[in-house]
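Subject: Structure for you to look at

Hi there,

Here is the structure I promised to pass on. Please have it open as you read, and my notes follow below.

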Amino acid sequence: MVDKKKSIGFQFAWNGLREVLKSEWNFRLHIVSMVVVIIAGLMFGITLVEWVSVVTVIGLVLTTEILNTAIEEVIDYIKPEIHPAAKKVKDIAAASVFVASMTALVVGLIIFIPRLFA
Ligand SMILES: Nc1ncnc2c1ncn2[C@@H]1O[C@H](COP(=O)(O)OP(=O)(O)OP(=O)(O)O)[C@@H](O)[C@H]1O
C-alpha cells in the first residue's frame, strides 16, 4: 500500500518534470548548462566540497525554474487576462530563478576561474 502510494507520487512528479521539459526552453537550457558544468567538473577534477556546491546550486536553479513554471501556470489559469497583480506575481517568481542562476554563476566562477587561469 505504502509502495503503491509512493510510486504514484513519483509518477506525478515525473509527469510534472516532463511538462516542464516540454514547455520550458529555459529549463532545457539549464539542463544543458548542468551537463556542461558536470563535464567541466570531471575534466578539472574538482574536489568533493566543490561537487557538493555544484550539485546544490544546480538543484536550486532547477527547483526555482520548476516552481516558477508552476506559478506561471496558476496565474494563467486564474488570471489569463493582462493584470498588474498577475505581472507582479510572475515577475517575483522570475526573480527567484534569476537569484538562483546568479548564485550558481558566482559559485561556478569561484570554482572554475582559478583552474582556467592556472
Ligand atoms: N497576465 C499578465 N498580466 C500582466 N503581465 C503579464 C501577464 N502574463 C505575463 N506578464 C508579463 O510577462 C512576463 C513573462 O510572462 P510569461 O508568462 O510569458 O512567462 P515566460 O516568458 O513564459 O517566462 P519563462 O521564460 O520563465 O517561461 C511576466 O514576467 C510579466 O511581466
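Let me begin with valine 97. Leaving aside neighbours within four places in sequence, valine 97 is in contact with Thr64, Glu65 and Asn68. Please keep in mind throughout that this is a predicted model.

Valine 97 also belongs to the largest nonpolar core, which has nine residues in all: Val37, Val54, Val57, Ile58, Val61, Val97, Ala100, Ala104 and Ile111. The elements giving two or more residues to this core are α3 and α4.

Next, helix α3. At 1.5 Å a residue, its 31 residues should span 45 Å, and the end C-alpha atoms are indeed 45 Å apart, so the two figures agree. The buried residues in α3 are Val54, Val57, Ile58, Val61, Thr64, Glu65 and Asn68. What covers them includes α2 and α4. Thr64, Glu65 and Asn68, all three buried in α3, are the contacts of valine 97 that I mentioned above.

Three other residues of α3 may be worth a click:

- Leucine 60 is found in this helix. Because 18 other C-beta atoms lie within 10 Å, leucine 60 counts as partly exposed. Not counting residues up to four places away in sequence, leucine 60 touches Ala100, Thr103 and Ala104, and two of its partners, Ala100 and Ala104, are listed in the nonpolar core. From leucine 60 to isoleucine 78 there are 18 residues in sequence and 27 Å in space, C-alpha to C-alpha.
- Alanine 70 lies in α3 as well. With 14 other C-beta atoms within 10 Å, alanine 70 is partly exposed. Its C-alpha atom is separated by 18 Å from that of isoleucine 58, twelve residues away along the chain.
- Aspartate 76 also has its place in α3. Aspartate 76 has 11 other C-beta atoms within 10 Å, so it is exposed. The C-alpha atoms of aspartate 76 and phenylalanine 117 are separated by 46 Å, and the two residues are 41 apart along the chain.

Now for helix α2, which runs over residues 25-44. This helix has 20 residues and reaches 28 Å from its first C-alpha to its last, close to the 28 Å expected at 1.5 Å a residue. Which residues of α2 are buried? They are Phe27, His30 and Val37. These cover an arc of only 75 degrees around the axis, so they sit on the same side of α2. Val37 is also a member of the largest nonpolar core. On the face turned away from the buried side, α2 carries the exposed residues Trp25, Leu29, Val32, Val35, Val36, Ile39, Leu42 and Met43. Just after the helix, glycine 45 takes a positive phi of about 60 degrees.

Finally, the ligand. The residues around it are Glu24, Asn26, Asn68, Glu72, Lys79, Ile82, His83, Ala86, Lys87, Lys90, Asp91 and Ala94. Two elements, α3 (48-78) and α4 (84-116), give two or more residues to this shell. Which element gives the most to the shell? That is α4, with five residues. By type, the shell divides into three nonpolar, three polar and six charged residues. Asn68 turns up here too, having already appeared among the buried residues of α3 and as a contact of valine 97.

Happy browsing, and best wishes!

Definitions and conventions: Residues numbered from 1 in each chain as written. Predicted model: local features only at pLDDT ≥ 70, side-chain atom pairs only at ≥ 80, totals over all residues. Near = placed C-beta within 6 Å. Helix = DSSP H or I, 4+ residues; strand = E, 2+ residues; numbered from the N terminus. Nonpolar A, V, L, I, M, F, W, Y, C, P; charged D, E, K, R; others polar. Core = buried A, V, L, I, M, F, W, Y, C linked by C-beta atoms within 7 Å. Buried ≥ 20, exposed ≤ 12 C-beta atoms within 10 Å, placed from the backbone. Contact = placed C-beta atoms within 7 Å. Expected span 1.5 Å × (residues − 1). Arc of directions from axis to C-beta.
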